[in-house]
Amino acid sequence: MNRHAPLPPAAIGIPVGPGKGAGWTVSRLRRGDPGRPWLVWLHGLLGSGDDWSPVLPYFSDWSLATLNLPGHGPDAGAARAPACALHREQAADGGAPRQTAGLDFAAMSAGLAHTLAALGITRYILIGYSLGGRIALYHACRGRCGAGNIPGAAGANGQEGLCGLFVEGAHPGLAHRRERADRLRHDGLWARRFSRQPITAVLADWYRQPVFGDLSDDARRQLVALRAANDGAAVAAMLLATSLARQPDLAARLRALDLPFGYLCGEHDGKFTALARGAALPLVPVPGAGHNAHRANPPAFAGQLLTLLAPFH
């Protein structure tokens with residue numbers, strides 16, 4: 001796509017990159033300074049590209065693409081879950097749905113690359129929160145390395161491809177087999193609930209997990225109402241497909257990245273602050289915020305990210 005050509009309006013809100021990019025959809029596209037890389041924003045589980053709306057006004061000079069992860073976004077369950085390879089097979093014991101063959105982190109990374117290629121985005125910076133951050137970490141460490149003919153798999157430093165990586169509250173990966181087994185059981189229980197129970201009841205418990213301990217009762221109610229439009233079965237399938245148990249331990253690769261990298265974390269998010277320090281990742285604290293820093297304190301989050309982006313000006 002020519003950087004000076006109009007953006008295709010048909011791309012908004014519908015699937016892009018059919019086939020290898022199936023499941024990813026566009027939430028928002030906005031063209032900015034053609035001399036800078038595109039900022040590509042990836043949301044967390046249960047969210048959508050609209051989650052970034054509070055911080056986007058601070059990046060008015062940048063070209064922006066906010067994407068919906070497979071199984072997410074408006075009408076995800078009704079219109080897009082079948083098209084995004086989140087078809088479900090019932091487990092032999094009648095438990096939670098399990099992922100379809102081939103839907104894993106490598107497939108998610110390839111789908112992201114092909115989606116960006118379909119949009120004509122060849123030079124970009126990934127910004128991801130939670131699950132979106134983990135997909136971004138994998139893409140930076142594994143997806144663009146040895147990627148063969150995957151579009152957008154080149155290097156940084158002014159070249160085509162991934163130029164920078166900035167994530168928020170994203171786990172770098174579990175180091176031990178026992179941890180992965182425990183996490184898979186944990187995610188399986190949640191997936192079973194999402195696939196079988198009313199989603200509002202599941203969400204009410206989901207947002208009482210320790211990682212969301214900074215939420216007030218009112219903030220928790222707002223999130224439950226906001227996320228209640230999700231399709232529980234699609235969430236369950238995505239939760240299993242992208243479980244932390246299935247993600248490689250990326251800590252060593254992240255320390256060796258050859259591109260600008262920042263790990264943003266709310267100052268009150270004790271778990272992920274400790275993870276970043278333990279893995280020797282470049283921690284950037286966001287004041288006045290917990291796990292979801294960009295929602296809790298958009299100006300502070302945007303200010304820290306703009307500082308990290310200064311070299312690209």
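The paragraphs below lead through a predicted model, beginning with its sheet and ending with its core and cysteines.

The sheet is open and is formed by 7 strands, which follow one another in the order β1-β3-β2-β6-β7-β8-β9 with mixed pairing. Its edges are β1, covering residues 25-30, and β9, each of which pairs on one side only. From one strand to the next the twist averages 20°. Helix α2, made of residues 105-118, packs on this sheet and touches β2, β3 and β6, the last of these spanning 123-129, while the direction of the helix makes about 135° with that of β3.

Strand β2, residues 38-42, is a useful place to look in detail. On one side, β2 pairs with strand β3, residues 64-68, in the parallel sense over 4 bridges, and within this pairing Trp-41 stands opposite Thr-66 of β3, whereas Leu-39 has Leu-64 as its bridge partner in β3. Strand β2 is also joined to β6 by 5 bridges, again with the two strands running parallel, and here the bridge partner of Leu-39 is Ile-125 in β6. The side chains of β2 are divided between two directions, with Trp-38, Val-40 and Leu-42 pointing one way and Leu-39 and Trp-41 the other, yet all of them are buried. Because 5 of the 5 residues of β2 are buried, this strand is largely enclosed by the rest of the structure.

At the other end of the strand order, what does the edge strand β9 pair with? Strand β8, residues 261-266, is joined to β9 by 4 bridges, and the two run parallel; one of the residue pairs involved is Tyr-263 with its bridge partner Leu-283 in β9. The connection between these strands includes helix α9, residues 270-278, and together β8, α9 and β9 make a right-handed β-α-β unit. Helix α9 lies across both β8 and β9, and runs at about 150° to β8. In β9, residues 283-286, the side chains alternate, so that Val-284 and Val-286 point to one face and are buried, while Leu-283 and Pro-285 point to the other face and are not buried.

Helix α9 also contains Lys-271, a residue that is partly exposed, with a relative accessible area of 46%. The C-alpha atom of Lys-271 is separated by 7.2 Å from that of Val-211, although the two residues are 60 residues apart along the chain.

The account can now turn to the interior. In soluble globular proteins, nonpolar side chains tend to be buried together. The largest nonpolar core of this model has 85 residues, and those with the most contacts inside it are Val-40, Trp-41, Leu-42, Phe-59, Leu-165 and Phe-194. Helix α3, residues 131-143, supplies the largest share of this core, with 7 residues. Leaving aside residues up to four places away in sequence, Phe-59 touches Arg-30, Leu-39, Trp-41, Leu-64, Ala-302, Leu-305, Leu-306 and Leu-309.

Finally, how many disulfides does a search of the whole structure find? The search finds 0. Two of the cysteines can be described by their burial: Cys-141 is buried, since its relative accessible area of 3% falls under the 20% limit, and Cys-265 is likewise buried, with a relative accessible area of 2%.

Key
Residues are numbered from 1 along each chain as its sequence is written. This is a predicted model: local features need pLDDT of at least 70, side-chain atom pairs count only at pLDDT 80 or more; totals for chains, interfaces and linings use all residues. Side-chain values use heavy atoms; hydrogens and water are left out. A nonpolar core is a set of buried Ala, Val, Leu, Ile, Met, Phe, Trp, Tyr and Cys residues joined through side-chain atoms within 4.5 Å. Buried means under 20% relative accessible area, exposed over 50%, partly exposed in between (1.4 Å probe, protein chains only). Contact means heavy atoms within 4.5 Å. Two strands pair if DSSP finds at least two bridges between them. A crossover is right-handed if, with the strands pointing away from the viewer, the path from the first strand over the helix to the second runs clockwise. A disulfide is a pair of cysteine sulfur atoms within 2.5 Å. Axes are lines fitted to C-alpha atoms, for helices over the stretch in contact, and angles run from 0 to 180 degrees between N-to-C directions.
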